[in-house]
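Here are a few exercises to work through with the model open beside you. Try each one before you read its solution.

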Amino acid sequence: MPSRQRLWPIHVILAVGAAAMVAPFLWQLITSLQTTGETTSVPPHFLPSWQWSNYSQVFHDTKFAQQFMNSVSQTVIRVLAQVLFCSMAAYAFARLRFPGRNALFLLMLAVLMVPSQVYLLPQYQLVQNMGLLNTLAGVVLPGLFSAFGTFMLRQFFMSLPDEVEEAARLDGAGTFRIFWSVMLPLAKPGLISMGVLTVLWSWNDLLWPLVVVNDDSKMPLTVGLSTLQGEHLTEYPLLMAGSLLASLPMILVFLAAQRRITEGIALTGTK
(Lines give C-alpha, C1' and ligand atoms only; values in the text may rest on other atoms or scores of the structure.)
Protein backbone atom coordinates (compact mmCIF):
# COMPACT_ATOMS: atom_id res chain seq x y z
CA MET A 1 0.00 0.00 0.00
CA PRO A 2 1.31 3.49 -0.81
CA SER A 3 2.24 5.61 2.16
CA ARG A 4 0.16 8.58 3.23
CA GLN A 5 2.97 10.92 2.23
CA ARG A 6 2.70 9.73 -1.36
CA LEU A 7 -1.08 10.14 -1.43
CA TRP A 8 -1.22 13.84 -0.55
CA PRO A 9 -0.90 15.04 -4.20
CA ILE A 10 -3.91 12.90 -5.10
CA HIS A 11 -5.91 14.34 -2.20
CA VAL A 12 -4.99 17.87 -3.27
CA ILE A 13 -6.12 17.20 -6.83
CA LEU A 14 -9.39 15.66 -5.61
CA ALA A 15 -9.99 18.59 -3.25
CA VAL A 16 -9.45 21.12 -6.04
CA GLY A 17 -11.78 19.16 -8.33
CA ALA A 18 -14.45 18.94 -5.62
CA ALA A 19 -14.18 22.67 -4.92
CA ALA A 20 -14.55 23.43 -8.64
CA MET A 21 -17.71 21.33 -8.81
CA VAL A 22 -19.27 22.72 -5.62
CA ALA A 23 -18.47 26.37 -6.40
CA PRO A 24 -21.34 26.88 -8.92
CA PHE A 25 -23.88 25.49 -6.46
CA LEU A 26 -22.51 27.67 -3.68
CA TRP A 27 -22.65 30.75 -5.90
CA GLN A 28 -26.20 29.82 -6.87
CA LEU A 29 -27.20 29.65 -3.21
CA ILE A 30 -25.53 32.99 -2.42
CA THR A 31 -27.19 34.68 -5.41
CA SER A 32 -30.62 33.34 -4.45
CA LEU A 33 -30.32 35.10 -1.07
CA GLN A 34 -29.34 38.51 -2.47
CA THR A 35 -31.21 41.45 -3.92
CA THR A 36 -31.19 42.22 -7.64
CA GLY A 37 -28.95 45.23 -7.01
CA GLU A 38 -26.40 43.11 -5.17
CA THR A 39 -26.21 40.54 -7.96
CA THR A 40 -25.38 43.21 -10.56
CA SER A 41 -23.07 45.35 -8.42
CA VAL A 42 -19.40 45.86 -9.18
CA PRO A 43 -17.42 44.59 -7.35
CA PRO A 44 -19.69 41.60 -6.68
CA HIS A 45 -21.05 40.78 -3.23
CA PHE A 46 -19.74 37.47 -1.96
CA LEU A 47 -21.92 37.39 1.16
CA PRO A 48 -25.71 37.03 0.99
CA SER A 49 -28.09 39.50 2.60
CA TRP A 50 -30.38 36.56 3.49
CA GLN A 51 -33.35 37.49 1.33
CA TRP A 52 -35.37 34.35 2.07
CA SER A 53 -38.41 36.04 0.53
CA ASN A 54 -36.94 35.29 -2.91
CA TYR A 55 -38.04 31.67 -2.53
CA SER A 56 -41.64 32.59 -1.78
CA GLN A 57 -41.55 35.17 -4.58
CA VAL A 58 -40.79 32.40 -7.07
CA PHE A 59 -44.15 30.80 -6.28
CA HIS A 60 -45.83 34.18 -6.68
CA ASP A 61 -44.24 35.13 -10.02
CA THR A 62 -44.50 31.68 -11.63
CA LYS A 63 -46.84 28.71 -11.45
CA PHE A 64 -44.08 26.79 -9.75
CA ALA A 65 -46.22 24.09 -8.10
CA GLN A 66 -48.12 23.31 -11.30
CA GLN A 67 -44.98 23.36 -13.41
CA PHE A 68 -43.26 21.11 -10.88
CA MET A 69 -46.03 18.54 -11.26
CA ASN A 70 -45.78 18.87 -15.05
CA SER A 71 -42.07 18.05 -14.84
CA VAL A 72 -42.80 15.08 -12.57
CA SER A 73 -45.47 13.72 -14.94
CA GLN A 74 -43.26 14.23 -17.97
CA THR A 75 -40.32 12.51 -16.29
CA VAL A 76 -42.26 9.54 -14.91
CA ILE A 77 -43.91 8.77 -18.26
CA ARG A 78 -40.64 9.00 -20.17
CA VAL A 79 -38.74 6.85 -17.68
CA LEU A 80 -41.36 4.08 -17.59
CA ALA A 81 -41.69 4.07 -21.39
CA GLN A 82 -37.95 4.03 -22.03
CA VAL A 83 -37.28 1.30 -19.47
CA LEU A 84 -39.94 -0.88 -21.13
CA PHE A 85 -39.28 -0.18 -24.80
CA CYS A 86 -35.49 0.10 -24.59
CA SER A 87 -35.15 -3.10 -22.58
CA MET A 88 -37.27 -5.03 -25.09
CA ALA A 89 -35.32 -3.68 -28.06
CA ALA A 90 -32.00 -4.23 -26.27
CA TYR A 91 -32.84 -7.84 -25.46
CA ALA A 92 -33.81 -8.47 -29.08
CA PHE A 93 -30.55 -7.00 -30.38
CA ALA A 94 -28.45 -8.84 -27.81
CA ARG A 95 -30.06 -12.29 -27.60
CA LEU A 96 -32.34 -12.96 -30.57
CA ARG A 97 -31.25 -13.96 -34.05
CA PHE A 98 -33.24 -12.51 -36.96
CA PRO A 99 -32.44 -11.28 -40.48
CA GLY A 100 -31.07 -7.75 -40.64
CA ARG A 101 -30.38 -7.53 -36.93
CA ASN A 102 -26.94 -5.94 -37.28
CA ALA A 103 -28.10 -3.56 -40.01
CA LEU A 104 -31.01 -2.37 -37.87
CA PHE A 105 -28.73 -1.93 -34.88
CA LEU A 106 -26.26 0.15 -36.90
CA LEU A 107 -29.14 2.23 -38.25
CA MET A 108 -30.32 2.87 -34.70
CA LEU A 109 -26.80 3.85 -33.62
CA ALA A 110 -26.67 6.32 -36.50
CA VAL A 111 -29.39 8.29 -34.71
CA LEU A 112 -26.87 9.07 -31.95
CA MET A 113 -24.66 10.81 -34.51
CA VAL A 114 -27.39 13.25 -35.58
CA PRO A 115 -27.88 16.39 -33.44
CA SER A 116 -31.37 16.58 -31.99
CA GLN A 117 -31.84 20.04 -33.52
CA VAL A 118 -31.81 18.47 -37.01
CA TYR A 119 -35.08 16.58 -36.52
CA LEU A 120 -36.69 19.23 -34.32
CA LEU A 121 -38.80 20.67 -37.15
CA PRO A 122 -40.07 17.28 -38.46
CA GLN A 123 -41.00 16.29 -34.91
CA TYR A 124 -42.85 19.57 -34.43
CA GLN A 125 -44.79 19.08 -37.67
CA LEU A 126 -45.78 15.55 -36.66
CA VAL A 127 -46.95 16.67 -33.23
CA GLN A 128 -48.80 19.63 -34.78
CA ASN A 129 -50.59 17.39 -37.31
CA MET A 130 -51.69 15.11 -34.47
CA GLY A 131 -53.11 18.11 -32.59
CA LEU A 132 -50.85 17.59 -29.57
CA LEU A 133 -49.38 21.07 -29.19
CA ASN A 134 -49.69 22.44 -25.64
CA THR A 135 -50.33 18.96 -24.26
CA LEU A 136 -48.40 16.57 -22.05
CA ALA A 137 -48.59 13.92 -24.78
CA GLY A 138 -46.91 16.28 -27.25
CA VAL A 139 -44.06 16.89 -24.80
CA VAL A 140 -43.36 13.26 -23.90
CA LEU A 141 -44.05 11.55 -27.23
CA PRO A 142 -40.58 12.02 -28.83
CA GLY A 143 -38.91 10.86 -25.61
CA LEU A 144 -40.67 7.52 -25.22
CA PHE A 145 -37.73 5.70 -26.82
CA SER A 146 -33.97 6.24 -26.65
CA ALA A 147 -31.25 4.92 -28.95
CA PHE A 148 -28.67 5.49 -26.22
CA GLY A 149 -30.74 3.59 -23.66
CA THR A 150 -31.15 0.69 -26.08
CA PHE A 151 -27.42 0.57 -26.76
CA MET A 152 -26.59 0.73 -23.05
CA LEU A 153 -28.98 -2.08 -22.11
CA ARG A 154 -27.91 -4.18 -25.09
CA GLN A 155 -24.36 -4.13 -23.78
CA PHE A 156 -25.64 -5.10 -20.35
CA PHE A 157 -27.72 -8.02 -21.69
CA MET A 158 -24.69 -9.25 -23.63
CA SER A 159 -22.67 -9.35 -20.40
CA LEU A 160 -25.12 -11.77 -18.75
CA PRO A 161 -24.16 -15.48 -18.84
CA ASP A 162 -25.69 -17.58 -21.63
CA GLU A 163 -26.19 -20.52 -19.25
CA VAL A 164 -29.05 -18.73 -17.45
CA GLU A 165 -31.02 -18.30 -20.66
CA GLU A 166 -30.28 -21.85 -21.82
CA ALA A 167 -31.47 -23.27 -18.49
CA ALA A 168 -34.75 -21.36 -18.80
CA ARG A 169 -35.27 -22.70 -22.33
CA LEU A 170 -34.67 -26.27 -21.12
CA ASP A 171 -37.39 -25.69 -18.53
CA GLY A 172 -39.80 -24.84 -21.33
CA ALA A 173 -39.88 -21.05 -21.00
CA GLY A 174 -40.68 -19.04 -24.12
CA THR A 175 -38.82 -15.99 -25.39
CA PHE A 176 -40.98 -13.41 -23.64
CA ARG A 177 -41.04 -15.42 -20.40
CA ILE A 178 -37.24 -15.63 -20.43
CA PHE A 179 -36.99 -11.89 -21.04
CA TRP A 180 -39.56 -10.87 -18.43
CA SER A 181 -38.92 -13.37 -15.65
CA VAL A 182 -35.23 -14.22 -16.02
CA MET A 183 -33.17 -11.67 -17.93
CA LEU A 184 -34.96 -8.47 -16.89
CA PRO A 185 -34.46 -9.03 -13.14
CA LEU A 186 -30.78 -9.78 -13.77
CA ALA A 187 -30.47 -6.49 -15.65
CA LYS A 188 -31.76 -4.47 -12.70
CA PRO A 189 -28.50 -2.49 -12.18
CA GLY A 190 -28.47 -1.49 -15.84
CA LEU A 191 -32.16 -0.56 -15.75
CA ILE A 192 -31.63 1.63 -12.69
CA SER A 193 -28.65 3.35 -14.29
CA MET A 194 -30.54 4.05 -17.49
CA GLY A 195 -33.60 5.14 -15.52
CA VAL A 196 -31.63 7.68 -13.49
CA LEU A 197 -29.92 9.03 -16.61
CA THR A 198 -33.35 9.35 -18.25
CA VAL A 199 -34.67 11.16 -15.18
CA LEU A 200 -31.84 13.69 -15.37
CA TRP A 201 -32.28 14.18 -19.12
CA SER A 202 -36.06 14.53 -18.98
CA TRP A 203 -36.06 16.82 -15.92
CA ASN A 204 -33.57 19.18 -17.57
CA ASP A 205 -35.10 19.06 -21.06
CA LEU A 206 -35.69 22.63 -22.27
CA LEU A 207 -35.62 22.95 -26.06
CA TRP A 208 -38.45 20.60 -27.01
CA PRO A 209 -40.95 21.75 -24.33
CA LEU A 210 -40.06 25.35 -25.17
CA VAL A 211 -41.09 24.70 -28.78
CA VAL A 212 -44.36 22.82 -28.25
CA VAL A 213 -45.75 24.49 -25.09
CA ASN A 214 -46.68 28.14 -24.61
CA ASP A 215 -49.28 27.82 -21.87
CA ASP A 216 -47.90 28.67 -18.41
CA SER A 217 -50.02 26.02 -16.71
CA LYS A 218 -48.69 23.27 -18.99
CA MET A 219 -45.01 24.20 -18.98
CA PRO A 220 -42.42 22.08 -17.17
CA LEU A 221 -40.11 23.79 -14.70
CA THR A 222 -37.30 24.31 -17.19
CA VAL A 223 -39.51 26.39 -19.46
CA GLY A 224 -41.30 28.11 -16.58
CA LEU A 225 -38.04 29.28 -15.02
CA SER A 226 -36.81 30.59 -18.38
CA THR A 227 -39.70 33.08 -18.33
CA LEU A 228 -37.96 34.83 -15.42
CA GLN A 229 -35.32 36.02 -17.89
CA GLY A 230 -36.47 39.30 -19.35
CA GLU A 231 -35.28 41.13 -22.45
CA HIS A 232 -33.96 44.12 -20.50
CA LEU A 233 -33.86 42.89 -16.89
CA THR A 234 -33.41 39.47 -15.34
CA GLU A 235 -34.32 38.82 -11.73
CA TYR A 236 -31.24 36.74 -10.97
CA PRO A 237 -32.11 36.10 -7.30
CA LEU A 238 -35.53 34.68 -8.28
CA LEU A 239 -34.02 32.71 -11.14
CA MET A 240 -31.36 31.20 -8.89
CA ALA A 241 -33.89 30.45 -6.14
CA GLY A 242 -36.17 28.68 -8.60
CA SER A 243 -33.27 26.78 -10.16
CA LEU A 244 -32.08 25.65 -6.74
CA LEU A 245 -35.56 24.39 -5.83
CA ALA A 246 -35.83 22.64 -9.19
CA SER A 247 -32.46 20.89 -8.77
CA LEU A 248 -33.15 19.51 -5.30
CA PRO A 249 -35.22 16.49 -6.51
CA MET A 250 -32.44 15.46 -8.89
CA ILE A 251 -29.83 15.74 -6.15
CA LEU A 252 -31.93 13.49 -3.92
CA VAL A 253 -32.46 10.98 -6.75
CA PHE A 254 -28.74 10.77 -7.41
CA LEU A 255 -27.85 10.41 -3.72
CA ALA A 256 -30.40 7.63 -3.33
CA ALA A 257 -29.27 5.69 -6.42
CA GLN A 258 -25.57 6.52 -6.75
CA ARG A 259 -24.39 3.00 -5.84
CA ARG A 260 -26.72 1.43 -8.40
CA ILE A 261 -25.63 3.94 -11.06
CA THR A 262 -21.96 3.14 -10.51
CA GLU A 263 -22.62 -0.59 -10.49
CA GLY A 264 -24.74 -0.50 -13.64
CA ILE A 265 -22.28 1.59 -15.65
CA ALA A 266 -19.32 -0.49 -14.44
CA LEU A 267 -20.97 -3.75 -15.51
CA THR A 268 -22.18 -2.45 -18.88
CA GLY A 269 -20.14 -3.78 -21.76
CA THR A 270 -17.91 -6.10 -19.74
CA LYS A 271 -18.39 -8.89 -22.26
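**Exercise 1.** How much space lies in the largest pocket?

*Solution.* Before starting, note that this is a predicted model, where local features need pLDDT of at least 70 and side-chain atom pairs count only at pLDDT 80 or more, while totals for chains, interfaces and linings use all residues. Residues are numbered from 1 along each chain as its sequence is written, and side-chain values use heavy atoms, with hydrogens and water left out.

Step one: know what a pocket is. On a 1 Å grid over the protein atoms alone, where a 1.4 Å probe fits, a pocket is an open set of points with protein on both sides within 12 Å along at least five of seven lines; lining residues have an atom within 4 Å of a point.

Step two: read off the volume, meaning the space filled by probe spheres set on the points. The answer is about 740 Å³.

Step three: look at the walls. The lining has 25 residues, and S116, Y119, P142, F145 and W201 lie nearest the centre. Helix α11 (188–203) is among the elements that supply at least two of them; its four residues are the largest share. (Helices are DSSP runs of H or I, at least four residues, numbered from the N terminus.)

**Exercise 2.** Which helix gives the most to the lining of the second largest pocket?

*Solution.* First, the pocket itself: about 390 Å³ of space, lined by 16 residues, with W203, N204, A246, S247 and M250 nearest its centre. Next, the candidates: α11, α13 (221–226) and α14 (236–267) each give two or more residues. The winner is α14, with eight.

**Exercise 3.** At roughly what angle do the axes of α4 and α10 cross?

*Solution.* Start with the axes: lines fitted to C-alpha atoms over the stretch in contact, with angles from 0 to 180 degrees between N-to-C directions. Those of α4 and α10 (residues 175–186) come within 12 Å and cross at roughly 110 degrees. The two helices are therefore roughly perpendicular, a label for angles of 65 to 115 degrees. Contact (heavy atoms within 4.5 Å) involves residues including L84 and Y91 of α4 and F179 and W180 of α10.

**Exercise 4.** How many aromatic pairs are there?

*Solution.* Rings of Phe, Tyr and Trp (its six-membered ring) pair if their centres lie within 6.5 Å, and planes over 60 degrees apart count as edge-to-face. The count comes to 14. One of them, F68 with W203, is edge-to-face at 5.6 Å centre to centre, with 75 degrees between the planes. F68 sits in α4 and W203 in α11, 135 residues apart.

Notes. Angles under 35 degrees count as roughly parallel, over 145 as roughly antiparallel, 65 to 115 as roughly perpendicular and the rest as oblique. Rings of Phe, Tyr and Trp (its six-membered ring) pair if their centres lie within 6.5 Å; planes under 30 degrees apart count as stacked, over 60 as edge-to-face and the rest as tilted.
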